[in-house]
Amino acid sequence: MKGIMSIFVTAALVVLFFHVENIHASAEIKELIQVRDNVFWYEKEIGKIKRKLKRNLSEMMRTRTEVRLADLIGKRQKVRHQFIEIVSGVDIPAEYDLKEKVKRDIFVEVQELLMPVLDGVRRASERPRKIGKLKSEIESISVNLGSRMSAAEKIKNLVSEEKYFPVKKELKRSLSLLDEKIREMKVELDSRERALKKELGEKVSVIDMVKNLFSSFFRTKGKNLLFALTSLISIFWVLIFLRKKIFNLSVFKGPLNTALKPLKAVYSTIALIFAVSGAVLCLYLMNDWVLVTIIIVIFVGLLWSLKQFIPQFVGEARLILNLGSVREGERIVLNGLPWKVIRLGFYSKLVNERLSGGAIRMPAGELMKCQSRKFSKNEEWFPTETGDWVLLDGGIYGKVERQGPEFVVIRLKGKSKKYIKTSEFLNMNPQNLSGGFRICQVFGLDYGIQKDILKATIPVFQSKFREKFLSDGKFSGKISDVVCEFDSAGAHSLNLWVKVDCDALLAGNYQKIKRCMSECFVEICNEENLSIPFEQLTIHKAN
């Protein structure tokens with residue numbers, strides 16, 4: 001029983017398969033018959049027009065008829081192509097006119113140069129454009145066909161009416177013309193609907209379309225581009241490898257050492273030109289004019305866009321090649337600060353080791369207006385170092401806690417901080433006390449001791465100042481010299497000049513030593529019964 005059922009099911013499936021095949025075959029036959037009828041109609045119309053051309057026609061009418069004949073012959077050829085495509089299942093590409101034009105001009109040359117790129121873009125968007133065009137043509141033909149069919153229907157109704165009998169012959173002629181045009185438009189509409197159905201039947205998902213696009217690219221353009229890039233990188237790498245060998249020769253370590261950087265730049269430029277030329281030649285040998293055209297267009301576009309910057313590029317190139325006003329290994333002053341030029345390039349490296357974070361990168365364009373000079377080994381790159389005690393204009397006194405390209409931080413007595421711009425810091429005439437310093441003060445005595453000041457008074461002050469600063473335990477061994485001398489005869493006093501030379505270890509006691517000098521002066525005056533004068537105002541009474 002089961003065997004009988006399986007045979008029955010198999011037979012049913014076979015019958016169903018052949019039934020489906022017959023349905024498919026009959027649909028295909030109907031489509032072929034429809035296309036054949038369209039070809040027959042075109043041939044009939046072409047025969048009519050050819051017979052019409054044998055008559056005596058005016059020049060204008062003959063021209064119009066010949067144009068109409070050529071149009072119909074072209075349309076008949078398209079319908080025959082459709083017939084062949086349906087029968088064979090093979091797409092027949094459109095024929096191209098291969099006749100070469102004799103006359104050529106610059107615009108034609110440019111167009112032919114850009115045509116490979118434009119053809120690539122056209123092929124990428126060909127299907128959507130074709131579908132859009134077919135839909136637009138179908139819509140236009142449908143509208144025109146509908147209006148003509150409405151007109152033909154009305155004329156048919158008028159022919160049968162008695163009152164239109166006088167123009168019945170003209171009505172029939174108009175109806176014949178309309179029927180002829182309707183038949184032609186139906187053929188056109190059927191042809192375009194068939195083409196649209198074919199295009200829409202070949203639906204491709206976005207993923208498959210992208211995959212096909214990449215597959216097509218790497219199968220042709222991608223492969224060629226890979227070969228070109230491999231050629232470019234290989235040639236450039238080999239030439240750069242040889243550059244190291246060439247410029248390590250002893251000849252470049254002698255007189256040519258000063259021109260080493262320009263020669264390296266020229267060699268690198270030639271190497272790059274050779275590498276790019278090799279890549280273009282590779283594409284040329286593979287007949288890939290699309291990529292060749294793209295490279296040429298990009299190169300020409302770059303040259304055209306950079307033409308106004310050529311003078312600036314030449315100046316920067318001179319600077320980078322160490323041929324400009326700024327040279328490597330020299331000293332340059334930038335924004336009021338001294339820097340050492342370590343390396344010149346599109347971004348040059350400047351260094352000041354005295355500054356915290358004292359390494360900056362400067363564009364070559366910023367250095368074109370600057371000048372550098374050679375420097376000696378004992379030149380200072382900054383007046384202070386971190387940890388030094390400094391005295392500035394305005395009586396600012398403190399210890400340098402940090403100094404950088406932007407700010408100098410000074411720790412004042414009392415642990416407060418003062419921030420000064422580095423450029424302003426240099427303008428405040430900094431006096432670095434950490435290498436040793438001298439304090440000088442002027443003290444005044446009364447004119448009453450005028451006759452004894454040089455022989456008796458000054459030796460006493462000299463002795464007691466030295467005793468105070470050289471023998472005192474606080475300053476012992478840290479003060480190298482103390483001197484007291486006569487300075488001048490002032491308006492109100494006889495002035496003494498006292499100087500104290502201090503060691504670097506006393507840099508943090510600068511203000512204290514100044515106070516000690518004033519204190520010592522007062523003590524000596526008290527011990528020797530000397531008066532300290534003050535400024536007086538003398539008033540003279542008029543007679």
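Helices here are DSSP runs of type H or I with at least four residues, numbered from the N terminus. With that in mind, select Asn 529, which follows helix H14 and has a positive phi near 50 degrees. Keep in mind throughout the tour that this is a predicted model.

**The whole chain**

Show the whole protein as a cartoon before going further, and you will find a secondary structure of 14 helices and 13 strands. Of the 543 residues in the protein, 29% are buried, and the accessible surface comes to about 37,200 Å², with 60% of that surface belonging to carbon and sulfur atoms. If you consider the contacts between residues at least 6 apart in sequence, 61% of them join residues at least 24 apart.

**Helix H14 and its cover**

Now select residues 510-527, which make up helix H14. The 18 residues of this helix should span 26 Å at 1.5 Å a residue, and the C-alpha atoms at its ends are indeed 26 Å apart. Which residues of H14 are buried? Colour Tyr 510, Ile 513, Cys 516, Met 517, Cys 520, Phe 521, Ile 524 and Cys 525, for these are the buried ones. Then add the elements that cover them, which include strand E6 (389-391), strand E7 (397-403), strand E11 (437-445), H13 and E13.

**The hairpin of E12 and E13**

From that cover, move to E13, residues 494-502, which runs antiparallel to E12 and is joined to it by 9 bridges. The two strands form a hairpin, with 4 residues between them, and if you pick out Ser 488 you will see that it stands opposite Asn 495 in E13. Next select Lys 499 and Asp 501, which form a salt bridge whose closest N and O atoms are 2.7 Å apart. Are these two residues buried or exposed? Both Lys 499 and Asp 501 are buried.

Stay with this part of the model and show the side chains of Arg 466 and Asp 481, which meet in a salt bridge at 3.3 Å from N to O. This pair links distant parts of the chain, since Arg 466 belongs to helix H13 (residues 453-470) and Asp 481 to strand E12 (residues 479-489), with their positions 15 residues apart in sequence. Arg 466 counts as partly exposed at 32% relative accessibility, and Asp 481 is likewise partly exposed, with a relative accessible area of 24%.

**A network of charged side chains**

How many salt bridges does the structure hold? There are 20 in the structure. Side chains of opposite charge can pair when their charged atoms come close. For a further example, select Arg 192 and Glu 137, whose closest N and O atoms are 2.7 Å apart in a salt bridge. Arg 192 lies in helix H5 (residues 168-201) and Glu 137 in helix H4 (residues 126-159), so this pair ties together parts that are 55 residues apart in sequence. Glu 137 is partly exposed, with a relative accessible area of 22%. Widen the selection to Arg 68, Asp 71, Lys 75, Glu 137, Glu 184, Glu 188 and Arg 192, and you have a network linked by salt bridges.

**A nonpolar patch**

Switch to a surface view and select Trp 237, Val 238, Phe 241, Leu 242, Ile 246 and Leu 249, which together make a nonpolar surface patch of about 560 Å². Val 238 is found in helix H7 (residues 221-247), and this residue is partly exposed, with a relative accessible area of 40%.

**Helix H9**

Go next to residues 289-305, which are helix H9, where 17 residues reach 24 Å from the first C-alpha to the last, close to the 24 Å expected at 1.5 Å a residue. The buried residues of this helix are Val 290, Leu 291, Val 292 and Thr 293.

**The open sheet**

Return to the cartoon for the last stop, an open sheet of 5 strands in the order E4-E3-E2-E1-E5, with antiparallel pairing. Its edge strands are E4 (359-363) and E5 (372-373), each of which pairs on one side only. Strand E1 (residues 331-334) pairs with E5 in the antiparallel sense over 2 bridges, and the bridge partner of Arg 331 in E5 is Arg 373.

Finish by centring the view on Arg 373, which counts as partly exposed at 40% relative accessibility. Leaving aside residues up to four places away in sequence, Arg 373 touches Glu 330, Arg 331 and Glu 379. Lys 340 is 33 residues away from Arg 373 in sequence, while their C-alpha atoms are 9.8 Å apart in space.

Notes:
Residues are numbered from 1 along each chain as its sequence is written. This is a predicted model: local features need pLDDT of at least 70, side-chain atom pairs count only at pLDDT 80 or more; totals for chains, interfaces and linings use all residues. Side-chain values use heavy atoms; hydrogens and water are left out. Buried means under 20% relative accessible area, exposed over 50%, partly exposed in between (1.4 Å probe, protein chains only). Contact means heavy atoms within 4.5 Å. Accessible areas come from the Shrake-Rupley method with a 1.4 Å probe; for residues, only the protein chains shown count as cover. Two strands pair if DSSP finds at least two bridges between them. A salt bridge is a side-chain nitrogen of Lys or Arg within 4 Å of a carboxyl oxygen of Asp or Glu. Patches are made of residues with over 30% relative accessible area and no salt bridge: like charges are joined within 9 Å, nonpolar side chains (Val, Leu, Ile, Met, Phe, Trp, Tyr) within 5 Å. The expected span of a helix is 1.5 Å times one less than its number of residues.
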